[in-house]
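Reader: Hi! I'm in my first year and would love a close look at one part of this model, the surface beside one of the DNA strands. Could you then show me how the rest fits around it?

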2 protein chains.
Amino acid sequence: MVMGRPRKVDPDVVLEKALMVFREKGYDSTSMSDLVAATGLHKGSLYQLFGDKHGLFKTALQQYTRRTYESMFAESRKAATATEGLQRTLNCMLTIASEGSSGSLGCMAVNAMVEFAERDPEIRDLLQETDQKIVALIMELSQRAIEEDGAELVQPLEMTAMMLMSVMAGLAVTLKAMITLEQAQQVAKSQLAVLGFKVDAL
Amino acid sequence: MVMGRPRKVDPDVVLEKALMVFREKGYDSTSMSDLVAATGLHKGSLYQLFGDKHGLFKTALQQYTRRTYESMFAESRKAATATEGLQRTLNCMLTIASEGSSGSLGCMAVNAMVEFAERDPEIRDLLQETDQKIVALIMELSQRAIEEDGAELVQPLEMTAMMLMSVMAGLAVTLKAMITLEQAQQVAKSQLAVLGFKVDAL
DNA sequence: TATGTTATTGACCGATCGGTAATAAAGTCA
DNA sequence: TGACTTTATTACCGATCGGTCAATAACATA
């Protein structure tokens with residue numbers, strides 16, 4: 001056993017609660033008071049655990065991107081075909097972005113990109129890494145869809161991936177106020193179709 | 001002539017300077033001090049002119065959406081064909097979103113949507129109105145592209161417009177850190193192509 | 001029980017936040 | 001010139017911001 005006074009609460013559940021606040025309100029409009037209220041911890045404990053507000057946000061964002069990517073990857077592996085895996089991957093992303101009790105919270109990565117891209121290279125790099133991982137996943141699934149499912153892509157692989165990423169990022173935004181999850185899923189499916197994936201067969 | 005002490009500066013140029021600050025930093029992380037520094041006005045004058053910070057932002061956002069829509073509409077009318085008009089409309093949007101001395105500022109409407117959608121019905125409604133106007137413009141151009149340019153859309157008109165809007169919103173985000181203006185324009189053009197517009201003929 | 005170690009707590013900090021009000025300055029009009 | 005009207009400017013407000021620190025509490029170990 002480690003020495004010293006034991007923790008009352010699991011840092012992971014604290015991080016999870018802070019994460020939800022940041023997803024809801026973004027970084028700037030979230031105050032330490034908000035985080036204290038949401039986590040139940042006292043301010044000093046939060047600072048001891050995560051350094052400062054920026055550190056807490058960064059940790060929460062990493063948690064979000066890691067877990068979201070893992071969910072997407074896992075979802076892609078559940079499918080019988082690469083094409084279906086691709087569709088499930090996109091739907092997984094949309095489902096996460098649509099979370100929220102009233103109105104969708106959107107994708108925290110997209111939200112953070114909008115808020116931080118111009119002023120925080122650290123966050124920007126972190127988001128670029130995740131972006132590249134997802135692009136790689138999409139390209140791998142697309143390649144397999146060509147080889148295994150007879151997909152006849154009308155655009156090069158790289159362009160196909162860029163177009164899918166653009167659509168997904170856009171849906172993450174419009175999900176916040178313009179469209180429903182069902183509409184977003186329909187858009188994603190149609191996008192796969194127009195790109196040449198054999199999505200009708202599913 | 002109107003009575004009273006005359007204004008030193010034109011409120012429109014003040015609004016323009018405030019607009020740029022809001023585009024750069026968003027709402028929350030922009031302080032009144034920032035606005036004072038950027039406009040050259042003193043704090044009291046800003047409050048007299050625009051009420052409060054939120055009012056100033058709302059006015060700036062309306063200015064942005066109005067002007068951007070007018071630019072897009074004007075651009076669409078410059079073209080010889082509806083298809084070319086559509087492409088010019090999209091490129092106009094991307095060009096505006098890519099403005100900024102170092103890195104692109106993105107689309108202020110998209111940025112505001114991310115920051116305000118969950119907490120400010122007034123801003124949300126304002127953005128939804130603009131969204132609908134742009135959707136209407138896109139649908140009108142698409143319809144004309146079918147009738148006049150022989151476009152063979154592979155998706156219904158409404159879905160075509162939704163897909164275009166999603167791509168554009170996504171590009172406005174990714175433009176901030178992930179891609180260049182040239183890449184974004186290429187994505188938009190490819191998107192038009194896969195949707196069935198006769199864009200290769202241009 | 002005494003000691004070392006870590007976690008929790010509440011009081012406190014200077015800085016900055018958005019916003020206000022009183023006053024000074026610069027014009028028009030009689 | 002002097003009254004009137006509007007803008008510009010300064011000083012100031014309470015509240016909240018993110019962050020710190022010393023004191024205390026709760027454990028393991030000796």
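Author: Sorted by class, the surface near DNA strand D holds seven nonpolar, nine polar and eight charged residues. Here Ala, Val, Leu, Ile, Met, Phe, Trp, Tyr, Cys and Pro count as nonpolar, Asp, Glu, Lys and Arg as charged, and the others, Gly among them, as polar. A residue is near a strand if its C-beta atom, placed from the backbone, lies within 6 Å of it. This is a predicted model: local features need pLDDT of at least 70, side-chain atom pairs count only at pLDDT 80 or more, and totals for chains, interfaces and linings use all residues. Residues are numbered from 1 along each chain as its sequence is written, while chains are lettered from A and ligands numbered from 1 in the order in which they are written.

Which residues come nearest to DNA strand D? Of the 24 around the strand, they are Arg5(A), Ser31(A), Gly4(B), Arg5(B) and Gly44(B). Both chains lend helices here: α2 (32-39), α3 and α4 (53-78) of chain A, together with α3 of chain B, each supply at least two residues. (Helices are DSSP runs of H or I with at least four residues, strands are runs of E with at least two, and both are numbered from the N terminus.)

Now to the other strand. DNA strand C is surrounded by 24 residues, and the closest are Gly4(A), Arg5(A), Gly44(A), Arg5(B) and Ser31(B). Two or more residues of this surface come from each of α3 (43-50) of chain A and α2 (32-39) and α3 (43-50) of chain B. With four residues, α3(A) gives the most. By class, the surface near DNA strand C divides into seven nonpolar, nine polar and eight charged residues.

How are the two protein chains related? A turn of 180° and a shift of 0.0 Å along the axis lay chain A on chain B with an RMSD of 0.1 Å. The two copies are thus related as by a two-fold rotation axis. In chain A, the C-alpha of Gly170(A) is nearest that axis, at 1.8 Å. The superposition is a least-squares fit on the C-alpha atoms of residues with pLDDT of at least 70 in both copies.

Next, look at where the chains touch. 38 residues of chain A are in contact with 38 residues of chain B, a contact being two C-beta atoms, placed from the backbone, within 7 Å. On the chain A side, α6 (108-116), α7 (121-149), α8 (157-174) and α9 (181-195) each give two or more residues. The largest share, twelve residues, comes from α8(A). By class, this side has 19 nonpolar, twelve polar and seven charged residues. The copies meet through the same surface, because 100% of the interface residues of chain A are also interface residues in chain B.

One pair of helices shows the meeting in detail. α9(A) and α8(B) pack at an angle of about 90°, with their axes 10 Å apart. That makes α9(A) roughly perpendicular to α8(B). (Axes are lines fitted to C-alpha atoms, for helices over the stretch in contact, and angles run from 0 to 180 degrees between N-to-C directions; under 35 is roughly parallel, over 145 roughly antiparallel, 65 to 115 roughly perpendicular, and the rest oblique.) Val187(A), Ser190(A) and Gln191(A) meet Met159(B), Met162(B), Met163(B) and Ser166(B). This contact has four nonpolar, three polar and no charged residues.

Helix α6 of chain B is largely enclosed by the rest of the structure, because nine of its nine residues are buried. (Buried means 20 or more other C-beta atoms within 10 Å of the residue's own, exposed 12 or fewer, and partly exposed in between; C-beta atoms are placed from the backbone.) Among these buried residues are Met108(B), Asn111(B), Glu115(B) and Phe116(B). The buried residues of α6(B) pack against α6 and α8 of chain A, and against α1 (11-25), α4 (53-78), α7 (121-149) and α8 (157-174) of chain B.

Finally, step back to chain A as a whole: nine helices and zero strands, with buried residues making up 44% of its 202 residues.
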